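Student: I have a structure open and I would like to learn how to read it. Could you walk me through it?

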Amino acid sequence: MSLSPSPAPMSPAEFVAALRGLSHRYWGTHPFHRRMHGGELSEYELKIWAANRWYYQCVLPQKDAAIISNCPLPEIRREWLDRIVYHDGTQAGDGGIERWLRLCTAVGLDREEVLDQRHVAPGVRFAVDAYVNFARTKPWLEAVASGLTEMFAGHLMQRRVADMLANYPWIAREDLAYFTNRIDKVSGEGKGTLDIVVRHAVTREQQEKAIAALSFKTDVLWSMLDAIERAAAKE
């Protein structure tokens, strides 16, 4: 009995199109984000969003460290290390995590109540922890592919800065430094990540697992906003 041949790999163009085809599942279309951009969130809802999103931000360096620990290729490890430095900073008081804490302060949260995670909803914790666990337990290429939501992020961040300045007058441009600093950075990271995935996912199986990994990440982000929306409704 002969085995059926494995499906042929997608061409690079087909593979990229399949990955980009998941853009409609990115959290920019979630009802909570739509209300945020429309200026419809209360101060309390913004606080709950910022405090819960903090939990996601603060574990990103751990996620990236997990990818590095699983990756046998020094050129990928060197490239990925910059992401940890970006979020953690080169010293205390620096980096993307610190910029997010400043935004939390701007929406009316005390630094202590953000750091002790008292507002983190169980659903957010579950989703974020699942993402970190994915990076720790899956092959490095799948973990890298899960981060391809970066491809969809730059335009959303540009809109967020404009809409938050227009609709929430107590938030100043300098309070949004996380987003203004990240717009160009995430665009470059998205291109770099896509290049890595296309270059290393050379079999049909690897390509399909990369697409599934990105799909999983969109589910994580969507679940986070579902949980945030429920938590904010309990005021």
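Tutor: Gladly! Let us start with a word we will need often: two residues are in contact when they have heavy atoms within 4.5 Å of each other. Please keep in mind that this is a predicted model. Now take Val197, which is found in helix 10. Not counting residues up to four places away in sequence, Val197 touches Phe15, Leu141, Val144, Ala145, Leu148 and Ala210.

Student: Is Val197 buried or exposed?

Tutor: The general idea is a cut-off: buried means under 20% relative accessible area. Val197 has a relative accessible area of 0%, so Val197 is buried.

Student: One of those partners was Ala145. Where does Ala145 sit, and what does Ala145 touch?

Tutor: Ala145 has its place in helix 8. With residues up to four places away in sequence left out, Ala145 touches Val197, Ala210, Ala213 and Leu214. Ala210 is thus a name to look for twice, as it is touched by Ala145 and also by Val197. The relative accessible area of Ala145 is 0%, so Ala145 is buried.

Student: How should I think about distance along the chain and distance in space?

Tutor: Read the two separately. Ala145 and Ile196 are 51 residues apart in sequence, and their C-alpha atoms are 8.6 Å apart in space. For Val197 and Leu225, 28 residues apart along the chain, the C-alpha separation is 27 Å. Another pair to try is Cys58 and His87, with their places 29 residues apart in sequence and 8.0 Å from C-alpha to C-alpha.

Student: Which helix holds Cys58, and what is around it?

Tutor: Cys58 is in helix 3. Its relative accessible area is 17%, so Cys58 counts as buried. Beyond residues up to four places away in sequence, Cys58 touches Ile97 and Gln117. Gln57 lies in helix 3 too, and at 1% relative accessibility Gln57 is buried. Leaving aside neighbours within four places in sequence, Gln57 is in contact with His87, Ile97, Trp100 and Tyr178.

Student: What can I say about Gln117, the partner of Cys58?

Tutor: Look in the loop between helix 6 (111–115) and helix 7. Gln117 has a positive phi of about 60° although it is not a glycine. The label partly exposed covers values between 20% and 50%, so Gln117, at 23% relative accessibility, counts as partly exposed.

Student: Helix 7 follows that loop. How do I check the length of a helix?

Tutor: Compare its expected span with the distance between its ends. At 1.5 Å a residue, the 16 residues of helix 7 (residues 122–137) should span 22 Å, and the end C-alpha atoms are 22 Å apart, which agrees.

Student: Which residues of helix 7 are buried?

Tutor: Val124, Ala127, Val128, Tyr131, Val132, Phe134 and Ala135 are buried. Seen down the helix axis, the buried residues fall within an arc of 150°, so they line one face of helix 7. Pro122, Phe126 and Thr137, on the other side, are exposed. Among the elements that cover the buried residues of helix 7 are helix 3 (43–70), helix 8 (140–146) and helix 11 (204–232).

Student: What about empty spaces inside the model?

Tutor: There are two kinds to tell apart: a probe fits in a cavity but cannot get out, while a pocket is open. A search of the whole structure finds one cavity of 30 Å³ or more. The largest cavity has a volume of about 290 Å³. Its lining has 25 residues, and the closest to its centre are Tyr56, Leu60, Glu150, Arg182 and Lys217. Helix 3 gives the most to this lining, with six residues. By class, the cavity lining has 12 nonpolar, four polar and nine charged residues.

Student: And which residues line the largest pocket?

Tutor: The lining is made of Ser23, Tyr26, Gly28, Thr29, Arg34, Phe152, His155, Leu156 and Arg159. About 190 Å³ of space lies in the largest pocket. Helix 9 (residues 150–167) gives the most to the pocket lining, with four residues. By class, the pocket lining has three nonpolar, four polar and two charged residues.

Terms used
Residues numbered from 1 in each chain as written. Predicted model: local features only at pLDDT ≥ 70, side-chain atom pairs only at ≥ 80, totals over all residues. Heavy atoms only, no water. 1 Å grid on protein atoms, 1.4 Å probe; cavity = no way out; pocket = protein on both sides within 12 Å on 5 of 7 lines; lining within 4 Å. Points joined across faces, edges and corners; volume = space filled by probe spheres on them. Helix = DSSP H or I, 4+ residues; strand = E, 2+ residues; numbered from the N terminus. Nonpolar A, V, L, I, M, F, W, Y, C, P; charged D, E, K, R; others polar. Expected span 1.5 Å × (residues − 1). Buried < 20%, exposed > 50% of the residue type's maximum accessible area, 1.4 Å probe, protein only. Arc of directions from axis to C-beta.
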